Amino acid sequence: MESTVKVEPVAVKVEKLEKAYGSQQVLRGVSLEIAPGEIFVLMGPSGSGKSVLMRHLIGLEFSDAGTVLIGDEPAHSPETHSRFRTALVFQAGALFNSMTVYENLALYPREHRLYSESEIRAKVTAVMEALSIEAAGLKIPAELSGGMKKRVAVARAIIMEPQLILYDEPTSELDPILAATTSELIATISRETGATSLVVTHDRELALSIGDRVALLMNGQLVFTGTPQELKESRDPQVREFMNPTIDPDNPRFRKQENNS
Amino acid sequence: MNKVLELFEWLGSGVQMTLKTFRYVPSLPRHWKQLVEQCLFMGYATVPLVGILSFFIGAVLALQIGYSIVDFGVKNYIGTIVGLSMVRELSPVMTAVMVTGRVGSAVTAELASMKVYQEVDALRTMNIPPERFLVLPRVAAIILVMPILLIVSVIAGWVGGQIVCEVVPWIGLSSQSYYNSLKSFMVMGDITDGLIKAELFGVGILLIASHLGLRTSGGPREIGAAVTRAVVVCIIFILIFDYFITNILI
């Protein structure tokens with residue numbers, strides 16, 4: 001993608017993070033580190049606390065205990081937002097429904113007065129072309145399909161030239177072809193911009209295909225952190241339970257299904 | 001005890017939002033497009049309603065006053081009473097109530113929907129404060145629109161009173177006498193007091209509506225609940241605040 005700009009990636013460090021909503025303990029002493037430029041995939045079943053952990057990283061939630069550092073700054077401090085550019089690709093897109101797709105993409109540079117209006121137009125057009133969404137420029141998000149909305153959300157993140165990109169369930173509600181394209185897109189963005197990426201998903205294929213490292217969160221606790229290969233080979237019963245053998249690419253049953261189809 | 005704490009927390013976060021909003025006033029020229037859009041929306045949504053309702057408020061007021069005083073031979077004062085009541089009290093309060101119903105509810109619904117569908121979170125992640133981008137243009141718009149609404153309301157109310165005085169046979173007060181009596185007791189201070197009230201009500205309504213919208217959490221069902229809450233809180237605010245501000249202005 002010619003439209004992407006190389007950025008200085010940022011490290012992420014989470015230490016003994018605790019979070020409860022009322023009597024429900026969601027995160028129980030989660031600790032993890034993400035190296036600059038790494039694609040880190042956080043997996044876990046629904047309700048395991050993945051999205052809550054991610055909201056802490058972007059400063060949308062305050063922890064009960066523990067620390068979350070982006071670079072060397074606490075995630076929710078105003079300095080973090082002024083020093084580091086962090087983008088979040090929301091699961092449902094969270095596009096601004098009162099604006100066109102173009103205006104959605106132009107919002108960040110306009111609000112932060114990063115470029116002149118003609119430069120913004122050039123930049124937005126380039127990103128739209130790179131993601132094949134140029135035809136949607138004048139549409140409002142409500143007129144877009146689910147896959148298109150995801151692409152626009154990714155485009156909005158790219159425009160920010162972020163040092164850290166967080167993806168919340170990027171392949172959910174997408175058909176297998178679009179899901180594969182989105183996975184490829186995440187890997188390409190990470191490779192070309194150099195940005196640190198955290199992908200929150202329960203899509204095992206996505207995790208295994210693009211992650212430099214993978215972590216598994218269950219009941220608010222990290223039960224595994226390692227490479228995709230280590231995840232596949234793990235003998236931990238919780239990990240094995242989560243990694244359904246039917247979609248393990250090395251599993252003979254999966255191959256049979258694949259051949260049949 | 002929890003309810004008291006919740007109330008203080010609600011008030012605290014409201015004050016915080018208000019301070020943040022006014023801190024971003026220098027950035028307002030950047031949002032002129034939104035400001036114009038909001039002014040048009042607020043005016044378009046409210047002017048006809050304010051005009052029609054105020055016309056009938058003035059008419060009913062003239063009718064009631066006429067009924068009460070016509071036997072005492074002081075019907076010439078109907079214009080004074082309608083004129084002062086509209087400009088000092090009824091127009092600011094009724095305009096505020098209508099702004100609550102048309103504008104306040106719409107603002108809460110829009111912001112609550114943006115909150116529920118994570119658009120507000122998206123703004124925060126883009127380091128764009130919702131107070132600057134969403135609240136400030138709306139508050140500025142109501143500051144610009146409220147005097148216009150008040151003037152429309154006052155004039156409609158006066159006209160309503162005048163028509164009743166002229167066409168109701170047992171009142172039978174000419175337009176000239178009506179307006180002469182209206183003018184003779186009115187001073188500039190009455191108009192400025194009405195404007196001050198209307199502006200304060202308008203800003204209060206928009207801040208309450210925005211605050212309740214931005215605090216909405218949960219699913220789409222909460223949007224409706226937030227709108228109801230906003231309308232109730234705004235009307236309570238208008239009536240209670242009206243007493244205190246009237247006390248100060250008198």
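This report covers the nonpolar core, two helix pairs in chain B and the contact of chain A with chain B. The model is predicted.

**Core**

The largest nonpolar core holds 143 residues. Four of its members touch the most others: A:Val89, A:Ala155, A:Leu166 and A:Leu198. Helix α5 of chain B, residues 130–167, gives the most to this core. Its share is 18 residues.

A:Leu166 shows what such contacts look like in chain A. Leaving out residues up to four places away in sequence, A:Leu166 touches A:Met54, A:Leu57 and A:Ile58. A:Leu166 also touches A:Leu88, A:Val89 and A:Leu198. Two of these partners, A:Val89 and A:Leu198, are also named among the core members that touch the most others.

**Helix packing in chain B**

Helix α6 of chain B spans residues 175–185. It packs on α3(B), residues 78–116, and on α5(B).

| Helix pair | Angle | Axis distance |
|---|---|---|
| α3(B) and α6(B) | about 55° | 7 Å |
| α5(B) and α6(B) | about 135° | 9 Å |

Take α3(B) first. The angle of about 55° between α3(B) and α6(B) makes the pair oblique. Their crossing is right-handed. On the α3(B) side, the contact uses B:Ile78, B:Gly79, B:Thr80, B:Gly83 and B:Leu84. On the α6(B) side, these residues meet B:Tyr178, B:Tyr179, B:Ser181, B:Leu182, B:Ser184 and B:Phe185. Six residues of this contact are nonpolar and five are polar. None is charged.

Now α5(B). Why does α5(B) count as oblique to α6(B)? The angle is about 135°, and oblique applies because this value is neither over 145 nor within 65 to 115 degrees. α5(B) passes α6(B) in a right-handed crossing. From α5(B), the contact takes B:Trp158, B:Gln162, B:Cys165 and B:Glu166. From α6(B), the contact takes B:Ser175, B:Tyr178 and B:Leu182. Four of the contact residues are nonpolar, two are polar and one is charged.

B:Tyr178 and B:Leu182 of α6(B) appear in both contacts, with α3(B) and with α5(B).

**Chain A against chain B**

How many residues does each chain bring to the contact? Chain A brings 13 residues and chain B brings eleven. On the side of chain A, β6 (86–89) and α3 (101–111) each supply at least two residues. β6(A) gives the most, with three residues. The side of chain A that touches chain B has ten nonpolar residues, two polar and one charged.

Definitions and conventions. Residues numbered from 1 in each chain as written. Chains lettered and ligands numbered in written order. Predicted model: local features only at pLDDT ≥ 70, side-chain atom pairs only at ≥ 80, totals over all residues. Core = buried A, V, L, I, M, F, W, Y, C linked by C-beta atoms within 7 Å. Buried ≥ 20, exposed ≤ 12 C-beta atoms within 10 Å, placed from the backbone. Helix = DSSP H or I, 4+ residues; strand = E, 2+ residues; numbered from the N terminus. Contact = placed C-beta atoms within 7 Å. Axes fitted to C-alpha atoms, helices over the stretch in contact; angles between N-to-C directions. Parallel < 35°, antiparallel > 145°, perpendicular 65-115°, else oblique. Left-handed = near helix turned anticlockwise from the far one by under 90°. Nonpolar A, V, L, I, M, F, W, Y, C, P; charged D, E, K, R; others polar.
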